[in-house]
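Trainee: I have a structure open and would like to talk it through with you. Could you go over it with me, piece by piece?

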Amino acid sequence: MARVFITGFPGYLGSGVVERLLARSSVQAVVCLVEPRFAEMAQARARLLGGDPSDKTSRVRMFSGDIRQAGLGLPAD
């Protein structure tokens, strides 16, 4: 099973990609890099798609970061 990492969620295109990926049985999880300013919107959108980002077993997982920063703005650990 695959894990897929995407950016652009919860935007229009990113949301569409996540929805289609979740429809595939071969995709174990979709990991989304979400800008902090869109965190609440992303959590709401993930719940609409059937995922709960606060649940560690959810197929939709989110990390707060920014593609414009070194290391995607993620902590080193």
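**Contacts, sheet and core**

Mentor: Let us start in the middle of a helix: setting aside the residues within four places in sequence, glutamine 43 is in contact with Pro53 and Met62. Bear in mind throughout that this is a predicted model.

Trainee: Ok, and where is glutamine 43 found?

Mentor: Glutamine 43 belongs to helix H2, and its C-alpha atom is separated by 8.3 Å from that of methionine 62, although the two residues are 19 residues apart along the chain.

Trainee: Is glutamine 43 buried or exposed?

Mentor: Neither, strictly speaking, because its relative accessible area is 35%, which makes glutamine 43 partly exposed.

Trainee: Before going on, what pLDDT does the protein average?

Mentor: The average is 88, and 100% of the residues score at least 70. Broken down by element, the mean is lowest in E3, at 90, and highest in H1, at 94.

Trainee: Now the sheet. How many bridges join E1 to E2, and in which sense do they run?

Mentor: E1 and E2 run parallel and are joined by six bridges, and within E2 it is alanine 29 that arginine 3 stands opposite. Between the two strands the chain passes through H1, in a β-α-β crossover that is right-handed.

Trainee: And E2 with E3, over how many bridges do they pair?

Mentor: E2 and E3 pair over five bridges, in the parallel sense. Two of the facing positions are valine 34 opposite serine 64 in E3 and leucine 33 opposite phenylalanine 63 in E3. The route from E2 to E3 goes through H2, and this β-α-β crossover is right-handed.

Trainee: How many of the residues of E2 are buried?

Mentor: Seven of its eight residues are buried, so E2 is largely enclosed by the rest of the structure.

Trainee: Then to the core. Which residues of the largest nonpolar core touch the most other members?

Mentor: That core has 14 residues, and those touching the most other members are Ile6, Phe9, Val18, Val30, Cys32 and Met62. The elements that contribute two or more residues to this core are helix H1 (12-22), strand E2 (27-34), H2 and E3, with E2 giving the most, at four residues. As a general background, nonpolar side chains tend to be buried together in soluble globular proteins.

Trainee: Pick valine 18 from that list. Which residues is it in contact with?

Mentor: Apart from its neighbours within four places in sequence, valine 18 is in contact with Ile6, Phe9, Val30, Cys32 and Leu49. Valine 18 is also one of the buried residues of H1, which are Gly14, Ser15, Gly16, Val18, Leu21 and Leu22.

Trainee: What do the buried residues of H1 pack against?

Mentor: They pack against strand E1 (2-7), E2, H2 and E3.

Trainee: Switching to the loop between H2 and E3, which residues does arginine 59 touch?

Mentor: Arginine 59 lies in that loop, and, not counting residues up to four places away in sequence, it touches Leu21, Leu22, Arg24, Val27, Gln28, Ala29 and Val30. Its side chain reaches the backbone oxygen of leucine 22 at 2.9 Å, while the C-alpha atoms of arginine 59 and leucine 22, which are 37 residues apart along the chain, are separated by 7.5 Å.

Trainee: So does arginine 59 count as buried, partly exposed or exposed?

Mentor: Arginine 59 counts as partly exposed, because its relative accessibility is 31%, whereas serine 58 counts as buried, at 5%.

Trainee: Where is serine 58, and what does it touch?

Mentor: Serine 58 sits in the loop between helix H2 (39-48) and strand E3 (60-64), where, leaving out residues up to four places away in sequence, it touches Gly51, Asp52 and Pro53. A polar atom of the serine 58 side chain also lies 3.1 Å from the backbone nitrogen of valine 60.

Trainee: Last one, the segment after E3. Is aspartate 66 there buried or exposed?

Mentor: Aspartate 66 is found in that segment and is buried, because its relative accessible area is 11% and the cut-off for buried is under 20%. Not counting its neighbours within four places in sequence, aspartate 66 is in contact with Leu33, Glu35, Leu72 and Gly73.

Methods. Residues numbered from 1 in each chain as written. Predicted model: local features only at pLDDT ≥ 70, side-chain atom pairs only at ≥ 80, totals over all residues. Heavy atoms only, no water. Buried < 20%, exposed > 50% of the residue type's maximum accessible area, 1.4 Å probe, protein only. Polar contact = N/O pair within 3.5 Å; in protein donor to acceptor, adjacent residues only side chain to side chain. Contact = heavy atoms within 4.5 Å. Core = buried A, V, L, I, M, F, W, Y, C linked by side-chain atoms within 4.5 Å. pLDDT = per-residue confidence, 0-100. Pairing = 2+ DSSP bridges. Right-handed = clockwise from strand over helix to strand, strands pointing away.
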